[in-house]
Amino acid sequence: MRRLLLPVAAPAAVLVTAMALGGCGTEDADLSADALADEVAALYPGAGDARVDVRCDGPLAAQVGATQDCRLAVRRDLATVRATVTRESDDGLEFTTVPVVPADRVARTVLRGLGEEGYVVGEVVCAEELVGVVGESVACRAGPPDGGRRTEVEATVRAVDGLDVRIRFRLPG
């Protein structure tokens with residue numbers, strides 16, 4: 001098995017839980033996309049003079065289990081985090097964030113790793129994104145350059161450090 005480091009921006013310090021104030025202490029107040037972006041930016045501060053730009057796909061609903069994705073840009077590095085509401089109260093929403101690695105990025109990383117292991121691979125396709133939680137996995141298929149028979153490959157999160165997600169892959173057998 002091989003561990004691969006996905007090259008995403010690494011913050012100086014990371015908190016994974018935040019309390020965001022909703023609308024004036026009322027329950028069921030969604031957190032606007034801009035307010036969520038501000039909260040996420042505070043969780044992932046840039047190192048040194050690096051500024052973190054955050055854009056969220058929309059508001060975070062005031063409901064336990066609700067999610068929203070935000071894109072972070074630090075210089076040229078891009079990352080996605082998913083905010084999930086864990087608790088709501090009169091004081092606001094409490095949410096956690098985890099990095100999310102897009103399927104195409106997982107596929108490129110597995111392709112590179114297979115090549116480093118000496119396999120001749122033309123293409124790797126992964127079924128879905130990989131959530132940056134240790135033990136989470138995604139199924140991928142690797143095919144030779146001639147388009148022949150594809151082989152199943154499983155990519156699994158081995159470790160998470162801030163926005164850096166380390167994965168390992170396993171071939172059948």
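What percentage of the 173 residues of the protein chain count as buried? In this predicted model, the share is 39%. The accessible surface of the protein chain comes to about 9,400 Å². Carbon and sulfur atoms account for 48% of that surface.

The fold is built from two helices and eleven strands. Read from the N terminus, the order of elements is β-β-α-β-β-β-β-α-β-β-β-β-β. Contacts across the sequence were also counted. Among those with a separation of 6 or more, 50% join residues 24 or more positions apart.

Helix α1 spans residues 33-43. Its buried residues are Leu 36, Ala 37, Val 40 and Leu 43. Viewed down the axis of α1, the buried residues fall within an arc of 115 degrees, so they line one face of the helix. The other side of α1 carries Asp 34, Asp 38 and Ala 42, which are exposed.

Two of the buried residues of α1, Leu 36 and Val 40, reappear in the nonpolar interior. The largest nonpolar core has 23 residues. Leu 36, Val 40, Val 54, Leu 72 and Phe 95 have the most contacts inside this core. Five elements each supply at least two residues of the core: α1, β3, β4, β5 (77-89) and β6 (92-101). Leu 72 illustrates the packing. Neighbours within four places in sequence are set aside here. Leu 72 is then in contact with Val 40, Tyr 44, Val 52, Asp 53 and Val 54, among others. Its contacts also include Asp 77, Leu 78, Ala 79, Val 81 and Leu 163. Another core, of 18 residues, lies apart from the largest one. Ala 103, Val 138, Ala 142 and Val 165 are among the residues of this other core. In soluble globular proteins, nonpolar side chains tend to be buried together.

The structure holds two disulfides. With bonded cysteines counted along the chain, their pattern is 1-2, 3-4. One disulfide joins Cys 56 to Cys 70, with an S to S distance of 2.1 Å. The link of Cys 56 and Cys 70 is right-handed, with 100 degrees about the S-S bond. This pair links distant parts of the chain, 14 residues apart. Cys 56 belongs to strand β3 (residues 52-56), and Cys 70 belongs to strand β4 (residues 67-74). Is Cys 56 buried or exposed? Cys 56 has a relative accessible area of 16%, and is therefore buried, the cut-off being under 20%. Cys 70 counts as buried at 0% relative accessibility.

The other disulfide is formed by Cys 126 and Cys 140, whose sulfur atoms lie 2.1 Å apart. The torsion about the S-S bond of Cys 126 and Cys 140 is about 100 degrees, so this disulfide is right-handed. The pair again links distant parts of the chain, with Cys 126 in strand β7 and Cys 140 in strand β9, 14 residues apart. Cys 126 and Cys 140 are both buried.

The strands that hold this second pair are themselves paired. Strand β7 (residues 123-126) and strand β9 (residues 137-143) run antiparallel and are joined by four bridges. Cys 126 has Cys 140 of β9 as its bridge partner. Cys 126 and Cys 140 are thus linked both as bridge partners and through a disulfide. Strand β9 also pairs with strand β10 (residues 151-161). Six bridges join β9 and β10, which run antiparallel. Here the bridge partner of Ala 142 is Thr 151 of β10.

Two residues of this region contrast in exposure. Thr 156 lies in strand β10. With a relative accessible area of 8%, Thr 156 is buried. Residues up to four places away in sequence are not counted among its contacts. Thr 156 touches Gly 135, Glu 136 and Ser 137, and also Arg 166, Ile 167 and Arg 168. Arg 149 is found in the loop between β9 and β10. Arg 149 is exposed, at 74% relative accessible area. Beyond residues up to four places away in sequence, Arg 149 touches Ala 142, Gly 143 and Pro 144. Of these, Ala 142 is the bridge partner of Thr 151 and belongs to the core of 18 residues.

Methods. Residues are numbered from 1 along each chain as its sequence is written. This is a predicted model: local features need pLDDT of at least 70, side-chain atom pairs count only at pLDDT 80 or more; totals for chains, interfaces and linings use all residues. Side-chain values use heavy atoms; hydrogens and water are left out. Buried means under 20% relative accessible area, exposed over 50%, partly exposed in between (1.4 Å probe, protein chains only). Contact means heavy atoms within 4.5 Å. Accessible areas come from the Shrake-Rupley method with a 1.4 Å probe; for residues, only the protein chains shown count as cover. The arc is that of the directions from the helix axis to the C-beta atoms. Two strands pair if DSSP finds at least two bridges between them. A disulfide is a pair of cysteine sulfur atoms within 2.5 Å. A nonpolar core is a set of buried Ala, Val, Leu, Ile, Met, Phe, Trp, Tyr and Cys residues joined through side-chain atoms within 4.5 Å.
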